[in-house]
Amino acid sequence: MKVLGIDTSNYTTSIAVVDENGYNHKRQILNVEQGERGLRQSDALFLHTKNLPVLFDELDIDKIDAVAYSKRPRDVDGSYMPCFLAGECVARSIASTLSIPVFSFSHQAGHIEAAIRTCGHDLGEEFLAFHLSGGTTELLHCILDKELGYIINIVGKTLDISAGQLIDRIGVLMGLKFPCGGELEKLVNGTPRAKGISVSVKNGCCNMSGAENKIADMLRTTSKEEVAKYTLAFVAKNISKMVEYGRSFYPNLPILFAGGVMRNQYIREELNKEFDNVYFAKTELSSDNAVGTAYLGLRKLNEVEND
C-alpha cells in the first residue's frame, strides 16, 4: 500500500509517497528576503499554495491508497497555524476525489516518525525525543499511540526563544541567508573550541534570549567564524543539560533527535561524544518534511485494514 503525505509548515512545502519499501519526497523551502528573520503566516500560506502544484508535477505519483497531512503544530488544544490549511485543503480534496481514506496528524508527530524510520535503531514503544527547530525547543516523553501516532508530553523546553530562532537571528546579523543553520555550520570548520559558555537549565527548561544579546555584542570584536562556533556550542550545551535532566527521570530510555536544528553535524557530534543511547534522524529528514506524516498514515492505514 502507498500513502501520500503533505506537510505545509511555516518554512517548507513538502510532499511524499511512502510504502513499506521506502519513500520518495519533494520539498521547497519558502523564500525569505535577505535580512528578514521569518515570514508572516499569510505569506507562508500564499507560498505553500503556489508551491504545492509544482511539487506534485515533480513527484511521480501513480496509485495511492490513502492521504495523510499535518493539521497543526502539536497535539494539544489550541495548537493552530494557518499555514497548515494549504496542505489540509489539498489532502482532503485528493482523498475525496479518489474515495480513499484521509488521516491528519500533528507536525511534531511527523517529525518524530521521520526520525524513528531513519535513525537506524528500534527504539520500542516508549522513548524520549528532542524536537529542535525554528519554532520549537522541547524534550518530549513519547509513547506509541494508534490514533495520534504518539502520546507526547513535554519534559523540558525553552522559556523564551527556540534554538533555531537563536541560530537564525545570529545568522541574519552576520548577513547570512535565512534559514541560517547550514551557513553558520560552514563557518565553524577549523575554528578553535568555544570557551566560557554558561547556560541556565532548571527543571529541564532553558533560556536562550540572553545569549542573543551577548553574541550580538561579540560580533563587534570577534570573527564570524568564532561567533558561529560559540552560537552552536551554546545550543549544544543547553541540549546536553536538558539530556541530563531527562535521564534523571528516564535513565534507561533511548533519546531521539529530530527537527531542523539537528541537521547540524557539529551539534550531533558534541552529543554523540557525551552520551550513549542517542539517535538521530537521517540528515535530510531532520528538517521539515512530509515523509514522517506519510509513514504515520501508512501505519494508520495498516491498522484500519487489519481491524
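Q: Okay, helices (H or I, at least four residues) and strands (E, at least two) are DSSP runs, numbered from the N terminus. Which residue just after helix 5 takes a positive phi?

A: That's Gly190, with a phi of about 80 degrees. Keep in mind that this is a predicted model, where local features need pLDDT of at least 70 and side-chain atom pairs count only at pLDDT 80 or more, while totals for chains, interfaces and linings use all residues. Residues are numbered from 1 along each chain as its sequence is written, and side-chain values use heavy atoms, with hydrogens and water left out.

Q: Sticking with helix 5, which of its residues are buried?

A: In helix 5 (residues 181-188), they are Leu184, Glu185 and Val188. Buried means under 20% relative accessible area, exposed is over 50%, and partly exposed is in between, using a 1.4 Å probe and protein chains only.

Q: Why are they on the same side of helix 5?

A: Because they span an arc of only 100 degrees around the axis. That arc is taken from the directions that run from the helix axis to the C-beta atoms. In general, an α-helix has 3.6 residues a turn, so residues three or four places apart point the same way.

Q: And what covers the buried residues of helix 5?

A: The cover includes helix 4 (163-173), helix 7 (224-249) and helix 8 (265-274). Contact here means heavy atoms within 4.5 Å.

Q: Switching to the sheet: what order do the five strands take?

A: The order is 3-2-1-4-5, in an open sheet with mixed pairing. Two strands pair if DSSP finds at least two bridges between them. Strand 3 and strand 5 (102-106) are the edges, each pairing on one side only.

Q: How many bridges does strand 2 make with strand 3?

A: Eight, and the two run antiparallel. Ser14 sits across from Arg27 in strand 3, and a hairpin links strand 2 to strand 3 through two residues.

Q: What about strand 1 and strand 2: parallel or antiparallel?

A: Antiparallel, over six bridges. They form a hairpin too, with three residues between them. Val3 faces Val18 in strand 2, and Thr8 has Thr13 as its bridge partner there.

Q: Is strand 2 covered on one face or on both?

A: Both: Thr12, Ser14, Ala16 and Val18 are buried on one side, and Thr13, Ile15, Val17 and Asp19 on the other. Helix 1 (residues 41-58) lies across strands 1, 2 and 3, at about 35 degrees to strand 2. For that angle, axes are lines fitted to C-alpha atoms, for helices over the stretch in contact, and angles run from 0 to 180 degrees between N-to-C directions.

Q: New topic: how many aromatic pairs does the structure hold?

A: Five. Rings of Phe, Tyr and Trp (its six-membered ring) pair if their centres lie within 6.5 Å; planes under 30 degrees apart count as stacked, over 60 as edge-to-face and the rest as tilted. One of the pairs is Phe127 with Tyr150, edge-to-face at 5.8 Å centre to centre, with 80 degrees between the planes.

Q: Which parts does that pair tie together?

A: Phe127 is in strand 6 (residues 126-132) and Tyr150 in strand 8 (residues 149-157), so the pair ties together parts 23 residues apart in sequence. Both Phe127 and Tyr150 are buried.
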